[in-house]
Amino acid sequence: MAARYFTAFQRGTTRDRPFYDPHLPSYSSAVREKLDLQSSGRQWLMPITGSTRRIRLQSLSPAPRSRLARVGRRRVFVCRCVAFLAVVCAMAVIVLMLLGTEESHWTPPFRDSTLVFGRENLQHIWKWEIESGHYPSNGKIPEQIGFTSAILNPALPPAKAHTLISPFTPPPGPVTTITRGVGPRRTYLENQKQSIGAAYPPRPISGSIADLDIILEQCNFSEGKYVRDCLEFLRVSAGLDNGRRLRRGSVDGWKYAFMEEDRLEEEIPPRATQAAPIVPAGPYPTGRQISNAGLMKKRNSSLPPSNQAVGSNRSTACDPENLRLFHMFWAGPFNEKPYNLGLHLEPGQDLDACHPQIWLWINPGPAAAVPNPSALTDMYDALKTNPWAAPFLHPRFKNVIKFRLWNTTEQLDSNLELRDEWRKMDTLFNSGGVTVSVPAEQPAGNSSTALSKTGDMVHRLGSKSEATYDRLSVILSDMARFIVTHRYGGIYLDADTIFLRDWEELWGWKGAFAYRWSYHEDYNTAVLHLNKGSALGSFLFRTALKNGFDFHPVAVSKYLKEAHLENLLLRVPDALFDPAWLNTEGYQLERPTYPFFAGFADFFDTPEVQSAAPQVVGFEGFFRGAFSYHFHNFWWKPFDPARNWPDLGQKFAGGERAARAAANPHADPDDWSDKITDDKRDLDWATVLKRTFEAYIRGERPNMYGEWLRW
């Protein structure tokens, strides 16, 4: 057996071949071998042994082996020197890190950071927000913050008592990542049951609160959740499918809204007044006994002071100091885009409920212009003569929509964090690191001079087309949303947003939030909720000041991530406010939402293969369950090309006539007849939503909750 095994390795060989080759050269010493190699001269041959013959290859550019040897020795010497220097440099870096100052360690070695706060300040921000009732989430505090004891959280209910602790529970670490709930207990509301004969869904219960932690579990894209499933969860839990529900089995577990129970005075624990704890001396997290270990500070940036003191500004629903405000920002002449807000915010039968207002901030001139002294009067004169805006000046809507004049200088000077430094900035127009410089000789041009230069980006006023996109106004709005929500509180909405349902439950959530940027781990601040005068808002302004005054959503995402404050601005799934976004970017196409948009333009120009649906299913079938829809710009696309005027009935007939004449300049407005042959055969989604809203204003149909507009 062994012979057969070895025979396999001896095929093609001579059985009697000795174990060494007699043709190999032999030398008596290494010195003689070296001399023999050097004496071979310039003939440099390489033998290759084959089974039948030997091939000798002549080098094309032979060199003396003595020269090659010298080159090899030099190369080895150089490599050793480089390696030695590298080791010395590495040791020097290690020594500096271990023995250097805290500042030198805090600064990142290879890339710049946006962080300008130390750990003690970040702890102060976290503690202020938690104790102010602005953290109703069970999300963990990052370990990098370094709290050593749990902070009392008045926005969370007390934890359920545990009678048995598992022996496998690991011991607590040097830092804590949880808060201790001391707030009112929560009673989760049962799903709205179908009522016999009820044709409309009920409004949310006044004072009810949406648990965004639960919504995140059901709708988180990162966990593989589908937008269409999220919308079903939202509409079933809110009863929006009332009268249309099909038997699906028990959905009792689909609860996200809760009410807070009143607590007795003696049950409320005393408020903590001590300063935020700091990390004790010890190996955290890099082995150095310093407070900012592990944080990456922005280079050449001094630590700014915090203007916030630990305090509470929790408010009741209708606290006059903390109104429910929707903010919108608009540049240029008013048109049908903000006109289509939708008045589903109209008060219902509950007169004790706290009703929100819409504050529409109007920038009367280009983004870089300063309003003239008569700007407020001019603004109202323009609104009164604008057929799209005039209806909202009617006394009937005085408590629903309010127009506000935007003044950049006044707003910046009113901000404690900005007023002393914003004039030192090179430019106020920075978006994602791309800056736009405004000419120094024309920083305050008024609207009259600006309109003559509409081709210049600096002097544009509104986006008239895709080619003349008003980029500066968009950048200004990125900043304005943080300023108004920090100053007045409330929720900011981009003007290309359409309300789809009541936001009562979202107003109850006291934490700050924005929503997710499609599939990215970034924020989109098209919807932004900040609490009035919050520590989080102060952090964002101070950080933006030290980072080029950049308020782009991606920049804001970086600020919060590097400061470990992301949980203070909850990133809500985009299904709530932007349900078409993932589909338009090629995600979840195997199970898309309804309606399905391959691109945002489909909202205005619905493909013919789908264009029968809008008229059949109407408003009730448009992303049912979502709180709003964001159509992403397209300012130059009319909602209703065939009837591009406000069609609001006899109360506003004068404005309708003027707008119809502007839309059809070659037709006689007094000789106009409404013919179906002049209408578009298949109505797009944008058209259906506009005409639904107008029918509600005319009193021809109720809103989605079955409520008629009372004049």
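Start by selecting Phe634, which sits in the loop between β18 (628-630) and α18 (653-663). In this predicted model, look at its backbone: phi of Phe634 is near 55°, a positive value in a residue other than glycine.

**Another positive phi**

Next, go to Ser518, in the loop between β15 and β16 (523-530). Ser518 is not a glycine, yet its phi is positive, at about 50°. Is Ser518 buried or exposed? Its relative accessibility is 0%, so Ser518 counts as buried. While you are here, colour by confidence and look at strand β15 (residues 512-516): its mean pLDDT of 98 is the highest in the protein.

**A cis peptide bond**

Now select Tyr594 and Pro595. The peptide bond that joins them is cis, with omega at about -5°. To place Pro595 in the fold, find the loop between α16 (581-584) and α17 (613-617).

**Into the cores**

Select Phe603 and show everything around it. Setting aside residues up to four places away in sequence, Phe603 touches Ile498, Phe597, Phe622, Tyr629, Phe631, Phe639, Asp684, Trp685, Ala686 and Leu689. Phe603 belongs to the largest nonpolar core, which has 79 residues. Which members of that core touch the most other members? They are Phe334, Trp503, Phe577, Phe603 and Tyr629, so add these to your selection. There is also a second, separate core, made up of 58 residues. Among its members are Ile141, Ala514, Leu540 and Leu568.

**Helix α12 against helix α14**

Leu540 leads to the next stop. Show helix α12 (residues 471-488) and helix α14 (residues 535-545) together: their axes come within 10 Å and cross at roughly 145°. The crossing of α12 and α14 is left-handed. On the α12 side, pick out Phe482, Ile483 and His486; on the α14 side, pick out Gly537, Ser538, Leu540 and Phe541. Sorted by class, the residues of this contact are 4 nonpolar, 3 polar and no charged.

Stay with Ile483 for a moment, in helix α12. Ile483 counts as buried because its relative accessibility is 2%. Which residues does Ile483 touch, not counting those up to four places away in sequence? Display Trp406, Gln411, Leu412 and Phe541 to see them. Then draw a C-alpha to C-alpha distance from Ile483 to Gly537: the two are 8.5 Å apart in space and 54 residues apart in sequence.

**The other partner of α14**

Keep α14 on screen and add helix α5 (residues 119-131). These two helices pack at an angle of about 145°, with their axes 8 Å apart. Helix α5 brings Leu122, Ile125, Trp128 and Glu129 to the contact, and α14 brings Ala535, Leu536 and Phe539. What is the make-up of this contact by class? The contact of α5 with α14 has 6 nonpolar, no polar and 1 charged residues.

**Helices α6 and α7**

Move on to helix α6 (residues 212-219) and helix α7 (residues 227-238). Their axes come within 9 Å and cross at roughly 145°. The residues to select are Ile214, Ile215, Gln218 and Cys219 of α6, with Cys230, Phe233 and Leu234 of α7. This contact is made of 6 nonpolar residues, 1 polar and no charged.

**A loop residue**

Select Val370, in the loop between β9 (357-363) and α9 (375-384). Is Val370 buried or partly exposed? Val370 counts as partly exposed because its relative accessibility is 36%. Now add Thr408: it is 38 residues from Val370 in sequence, while their C-alpha atoms are 7.4 Å apart.

**Zooming out**

Return to the whole chain. The protein has 711 residues, of which 46% count as buried, and its secondary structure comes to 19 helices and 18 strands. Among contacts between residues at least 6 apart in sequence, 77% join residues at least 24 apart.

**Where to read with care**

Finish with the confidence colouring. The average pLDDT of the protein is 79, and 70% of the residues score at least 70. Where is confidence lowest? Helix α4 (residues 102-106) has that place, at a mean of 39. Then select residues 1-24, where pLDDT stays under 50 and the model has 1 contact beyond four places in sequence. Residues 270-289 also stay under 50, and for them the model has 52 contacts beyond four places in sequence. Where pLDDT is low, the predicted coordinates should not be read in detail.

Note on methods:
Residues are numbered from 1 along each chain as its sequence is written. This is a predicted model: local features need pLDDT of at least 70, side-chain atom pairs count only at pLDDT 80 or more; totals for chains, interfaces and linings use all residues. Side-chain values use heavy atoms; hydrogens and water are left out. A nonpolar core is a set of buried Ala, Val, Leu, Ile, Met, Phe, Trp, Tyr and Cys residues joined through side-chain atoms within 4.5 Å. Buried means under 20% relative accessible area, exposed over 50%, partly exposed in between (1.4 Å probe, protein chains only). Contact means heavy atoms within 4.5 Å. Axes are lines fitted to C-alpha atoms, for helices over the stretch in contact, and angles run from 0 to 180 degrees between N-to-C directions. Helices (H or I, at least four residues) and strands (E, at least two) are DSSP runs, numbered from the N terminus. A crossing is left-handed if the near helix is turned anticlockwise from the far one by less than a right angle, and right-handed if clockwise. Ala, Val, Leu, Ile, Met, Phe, Trp, Tyr, Cys and Pro count as nonpolar, Asp, Glu, Lys and Arg as charged, and the others, Gly among them, as polar. pLDDT is the predictor's confidence in each residue, from 0 to 100.
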